[in-house]
Amino acid sequence: MPGERWAGYVPTTASLPRPRLPRTTRRALARAARHGLRLARDLVALVLPVACAGCGTLDVAWCTTCRSRLGGLPWRCEERAGRLDALDGRPPVPVWTLGDNVGPVRDAIVAWKDGGRLDLSRALVGAVARAAQHVAPGVPRSRAGPLLVVAVPSTAAARRRRGRWLVDDLARGAVRGLRSAGVDARRAPVLRRRGGRDQAGLGARARARNLVGQVRVARAAGRALAGRDVLLVDDVLTTGASVAASSAAVRAAGGVVVACLTLASTPGPGVRPHVAVTGWRRSSGSWSAGRAAIGPTPDRGVSVGV
Ligand SMILES: [Zn+2]
């Protein structure tokens, strides 16, 4: 019988060649999918009520009270980050920041970085610009030429997820602030993360281990850092591991990190919160302190990393 030969035959596609799209097409599809996700997120944001990313007050994205927590004068916080002390007798590089990374400030930065609240960018970049303007006269310079403003790198995965390199947006703000103070500053987005996971949720030792050998200068940057002064910019200073790894990469490329600027600083256990200096008191001719002092708030188990 002619049909006997095929008895028990089960058609399968295993033997057929698998269609494989060219790499450029696959990349284009992945980009389109990410773009679609961002679009969907933006549309959802349009129909949902807005709430302050710091305290939850309705109908405002970033309320005046929360804004004031990052609205004071920048202050030095490098002594909080043990990783910045090279133990060679030299003082650690100065790190200026605007607020304690606790409570509403921390919630807002987490929402900005990982909650899709890119509507905060303008306020946060503006805060860094103001801070840079204030610190400009105090940035120690070791060499002539323009000051390069370099963002501490995030992982490629984090940048894709967020749709932007948010820390580099802060660097743009820093350049704006420095220039408005008369400093010849240029943005140089030259640092890259080789791999490793996000720093979020890691302890001090794990943060440092996670970054060993993971920060490098982009090949395309060539010798852009050679013989230059560098101001590093990051969102949050926690243990200092990210800043230390970035400084090492800058040094290896012939540059010198002369200062850092961050939005916020995480006070370690037992460290007293900083009392912000918040406004110019015309009557006494001095800065007033205390209006935006932030006390410790209950830990919600959220931490922010690179
Ligand atoms: Zn608020």
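The legends below describe close-up views of a predicted model.

**View 1. The zinc ion and its protein donors.** In this predicted model, the zinc ion has as its protein donors the SG atoms of C52, C55, C63 and C66, which lie 2.3 Å from the ion. Because the angles that the four donor atoms subtend around the zinc ion run from 105 to 116°, the arrangement is tetrahedral. Along the sequence, the spacing of the donor residues follows the pattern C-x2-C-x7-C-x2-C.

**View 2. C52 and C63 in the loop between α1 and α2.** C52 and C63, which are 11 residues apart, both sit in the loop between α1 (23-47) and α2 (64-68). With a relative accessibility of 4%, C52 counts as buried, and C63 is likewise buried, its relative accessible area being 8%.

**View 3. The largest nonpolar core.** This core comprises 45 residues, and those with the most contacts inside it are W62, V149, L178 and L263. At least two of its residues come from each of the helices α3 (103-114), α4 (121-135) and α6 (166-180), and from each of the strands β4 (147-151), β8 (229-237) and β9 (256-265); the element that gives the most to this core is α4, with eight residues.

**View 4. The surroundings of L263.** Leaving aside residues up to four places away in sequence, L263 touches L70, T97, L98, G99, I109, W112, L124, A127, V128, L170, D234 and D235. Separate from the core to which L263 belongs, a second core of 27 residues includes V150, A221, L225 and V243.

How values were computed:
Residues are numbered from 1 along each chain as its sequence is written. This is a predicted model: local features need pLDDT of at least 70, side-chain atom pairs count only at pLDDT 80 or more; totals for chains, interfaces and linings use all residues. Side-chain values use heavy atoms; hydrogens and water are left out. Donors are N, O and S atoms within 2.8 Å of the metal (3.2 Å for Na, K and Ca); water is not among the atoms, so sites may look incomplete. Four donors count as tetrahedral if all angles lie between 85 and 135 degrees; four count as square planar and six as octahedral if opposite donors are over 155 degrees apart and all others between 65 and 115; anything else is irregular. Helices (H or I, at least four residues) and strands (E, at least two) are DSSP runs, numbered from the N terminus. Buried means under 20% relative accessible area, exposed over 50%, partly exposed in between (1.4 Å probe, protein chains only). A nonpolar core is a set of buried Ala, Val, Leu, Ile, Met, Phe, Trp, Tyr and Cys residues joined through side-chain atoms within 4.5 Å. Contact means heavy atoms within 4.5 Å.
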